[in-house]
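Reader: Please take me through this structure by question and answer, starting from the overall layout and ending with the backbone details.

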Amino acid sequence: MSAVNLELVDLADLTTLVKDLNFDDVERRSALLENGSRDFNAVPGSGKTSLLAAKLLLLAKKWPHARRGICVLSHTNVARDEIARRLAGSSEGAQLLSYPHFVGTIHAFVNQFFSMPMLRSLGQKVDVIDDVVFADRAKSLLQLGMFSGLRVYLENQNNGDGIATSLFYRTADLQLQVESGKLPGTHTASYKSLMTLKKMLTKDGIFRHRDMFAYADRALNTCPHLVDVVHRRFPMVFIDEMQDTSWDQESFLNRIFDRKSVMQRFGDVDQKILSDEENADLLTFPRSGYGCISTSKRFGPAIASAVSSVRLSGNAVVGEGSGTHAPILLLYSTADIAKVVPHYGRLVIDRLTEEEAAAREVKAMCTRKSGEGKVAVGRHLVDYWQAYGEGQQIASMRSESFWGLVGDAKRTLREASLNSRVADVRRALLLVLRAAASPLVSGVRDARALPRAAREFGASGPIEGITRHLAISGEQLCGVGQRDSTIELVYVGLQPYLPNGLEFDKFSALSVFDGPGLQGTTNSAASARCQVSHLGRSLEFGLGTTAGMKGETHSASLVLEAYGGTSRKFDVALGLEYIAGIASKKLDMLPKTQQAQMRNLYVAMSRPAALLCLAANEERVPPGLRTMLLSKGWHIEVV
Ligand SMILES: Nc1ncnc2c1ncn2[C@@H]1O[C@H](COP(=O)(O)OP(=O)(O)OP(=O)(O)O)[C@@H](O)[C@H]1O
């Protein structure tokens, strides 16, 4: 192992490297100075990702190796980009963004070092790794005559669609598995048809993300020495957002790094919101002896106390942020449910100054999007906001449409990152080049390989230029009146790669330029926003699911109660019993389904910096509970 140690004197550099952050407390200092393998469990708003980035900056200053690097893994592109943004701010930090280091998602790491080389050596085409594209293609293949028997079988299952669209390979021998629903017995005709469907998609190079772990496993079985090659390359490994790592991912990373490299993992186990996944009981985060960061820089003591009371592990959350507003409970009658969201908008205008409200986004969230349930309304987002989700079906087709991929910059940037934006544009260009039968892409299996193919082709400048242009201005360029000139721009930009003699008229008639493109995605974005005017001020804010807002900091957050279905409980009503201190059971004694609801509530309630609001149907909040809440400093308003 050739890890680098940080010492007390090294921390002096923090004042220049990360001027906006404060690491004076004992917990953060000890996390920075930890030189061995250790886990860190940190509360919401503690700044896990920025602490990790600060530690990396300090290590970068001392890194002595030219061929060994630091491996930094995260779950989402958003966290990866946040780390990269902080590193790019100094010359030493920027070095971590290239060889011999690796900063990326766990998926990208597994693909780069294991599954892609394996797939290449198998001669397997890879067109796209995308669960949505996979599902779309599976559905359309399913319409073929050869699958008529399978269609009948699936129609008779509870979740037939889910079965066909979530097929994935597991383990080195590519065993067929399904993420949603249950596979039929392996001896049945339906199983064999599902296998054929999966193999047809594999042959076309259409994969799901989870398939990559099976190919990575295969790589390790085929070349066991890869483990040594990779852990020697990375004597230090840092993993962010560890609570979201599945057992497939954790066990794979453990095989490579555990007890071989220094491995430090950061996360908040109470924010794990996917708890019903397979083998969740095997997960090891946080390992015994883990360090804690118990202070949040996001919110003040009032929100911290509410958040603490629904924290499953029972550990304290200390609020060091500056917010002083009391949390608010909005009670609504069944008839008035549609008034809840606009009422919240007015309330934000009432309570927060313009500066406070504008410091971060204002948001409203709910654990469930839609669904059934024979209980009074307040079950899911659509109960509160009927337009929510309209147009999303069309949005899911975007991965195959030029206009959808290029024109949907706002959504990609809001929900993902610049990285994903560039990936979308590259995929759009790959679709165009394929449709035009360009010689550039005959051997290109994945849009990520486009820049390299262009370099080998001897002309990388034009494709980089058009990629940059579309990534930055794509949204304007895809407006309906703009499309002809955009096609012309693409034609000119891709000219060096197009077959000789391909006229513009023929190019612009390619089917890749058909389709509605933007309309669907624009509707879906608009359907998830609310506009309010009040006291001469106006406010526009977004609505969405709690899962979609994980990791965000808001200036104000509204948590709309949702029904748990099999748990038979409404999350806010249940959580209020803990906040008020009148619950009869300890949180960890609740059934698993209710624990999962409390974890979601904990994530949702910990988003705001200034104002926290919960909303519940008045039928579900008895007078005694209201009195206790008032005595704890809460405000209650009836909509
Ligand atoms: N060391 C620090 N000093 C001062 N402010 C900080 C520090 N760390 C984070 N912050 C601020 O606190 C807020 C929350 O930080 P951040 O979102 O990074 O926390 P987090 O740990 O990722 O939270 P979550 O687990 O909820 O996603 C941000 O506004 C950030 O700027």
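Reader: Into which domains is the protein chain divided?
Author: The model is predicted. Domain 1 (8-104 + 226-293) and domain 3 (301-388 + 528-638) are each given as two segments. The division of the chain is completed by domain 2 (131-208) and domain 4 (393-521).

Reader: How many residues does the contact take from domain 1 and from domain 3?
Author: The centres of domain 1 and domain 3, taken over C-alpha atoms, are separated by 31 Å. On the side of domain 1 that touches domain 3, the classes are 6 nonpolar, 3 polar and 3 charged residues. The contact takes 12 residues from domain 1 and 17 residues from domain 3.

Reader: Between which domains does the ligand lie?
Author: The shell around the ligand has 18 residues, and the closest are Leu-21, Pro-44, Gly-47, Lys-48 and Lys-297. Residues of this shell come from both domain 1 and domain 3. The ligand therefore lies between domain 1 and domain 3.

Reader: Which helix gives the most to the shell around the ligand?
Author: By class, the shell consists of 4 nonpolar, 10 polar and 4 charged residues. The top contribution from a helix is 3 residues, and these come from helix H3 (residues 48-62).

Reader: Across which strands does H3 lie?
Author: H3 runs at about 170° to strand E2 (70-74). The strands that H3 lies across are strand E1 (38-42), E2, E8 and E9.

Reader: What is the order of the open sheet that 6 strands form?
Author: The pairing in this sheet is parallel. Strand E3 (102-105) and strand E10 (291-293) pair on one side only, which makes them the edge strands. Neighbouring strands are turned by 15° against each other on average, direction ignored. The order is E3-E2-E8-E9-E1-E10.

Reader: Which residue in E9 is the bridge partner of Val-237?
Author: Strand E8 (residues 236-239) and strand E9 (residues 262-267) run parallel and are joined by 4 bridges. In E9, the partner of Val-237 is Met-263.

Reader: At what angle to E3 does helix H4 run?
Author: Helix H4 (residues 77-87) lies across E2 and E3. Its angle to E3 is about 155°.

Reader: Which residue in the turn of the E5 and E6 hairpin has a positive phi?
Author: Strand E5 (residues 167-170) and strand E6 (residues 175-178) run antiparallel, with 4 bridges joining them. One bridge pairs Leu-167 with Val-178 in E6. The hairpin has 4 residues between its strands, and the turn residue with a positive phi, about 70°, is Thr-171.

Reader: What is the order of the open sheet of 7 strands?
Author: The pairing in this sheet is mixed. Its edge strands, each pairing on one side only, are strand E15 (529-534) and strand E19 (635-638). On average, neighbouring strands are turned by 25° against each other, direction ignored. The order is E15-E16-E14-E17-E18-E13-E19.

Reader: Which residue in E16 is the bridge partner of Cys-366?
Author: Strand E14 (residues 361-366) is joined by 4 bridges to strand E16 (residues 537-545), and the two run parallel. Cys-366 has as its bridge partner in E16 Thr-545.

Reader: At what angle to E15 does helix H15 run?
Author: Helix H15 (residues 340-351) lies across several strands, including strand E13 (328-332), E14, E15 and E16. The angle of H15 to E15 is about 50°.

Reader: Are H23 and H24 roughly parallel or antiparallel to each other?
Author: The axes of helix H23 (residues 461-477) and helix H24 (residues 483-493) come within 10 Å and cross at roughly 170°. Angles over 145 degrees count as roughly antiparallel. H23 and H24 are therefore roughly antiparallel.

Reader: Which residues of H23 and H24 make the contact?
Author: By class, the contact has 4 nonpolar, 3 polar and no charged residues. H23 gives Pro-462, Gly-465, Ile-466 and Leu-477, and H24 gives Thr-486, Val-490 and Gly-493.

Reader: Where is Pro-286, and what is omega for the peptide bond from Phe-285 to Pro-286?
Author: Most peptide bonds are trans. The bond from Phe-285 to Pro-286 is cis. Pro-286 lies in the loop between E9 and E10, and omega is near -5°.

Technical notes
Residues numbered from 1 in each chain as written. Predicted model: local features only at pLDDT ≥ 70, side-chain atom pairs only at ≥ 80, totals over all residues. Axes fitted to C-alpha atoms, helices over the stretch in contact; angles between N-to-C directions. Parallel < 35°, antiparallel > 145°, perpendicular 65-115°, else oblique. Contact = placed C-beta atoms within 7 Å. Nonpolar A, V, L, I, M, F, W, Y, C, P; charged D, E, K, R; others polar. Near = placed C-beta within 6 Å. Domains from an automatic or database assignment. Pairing = 2+ DSSP bridges.
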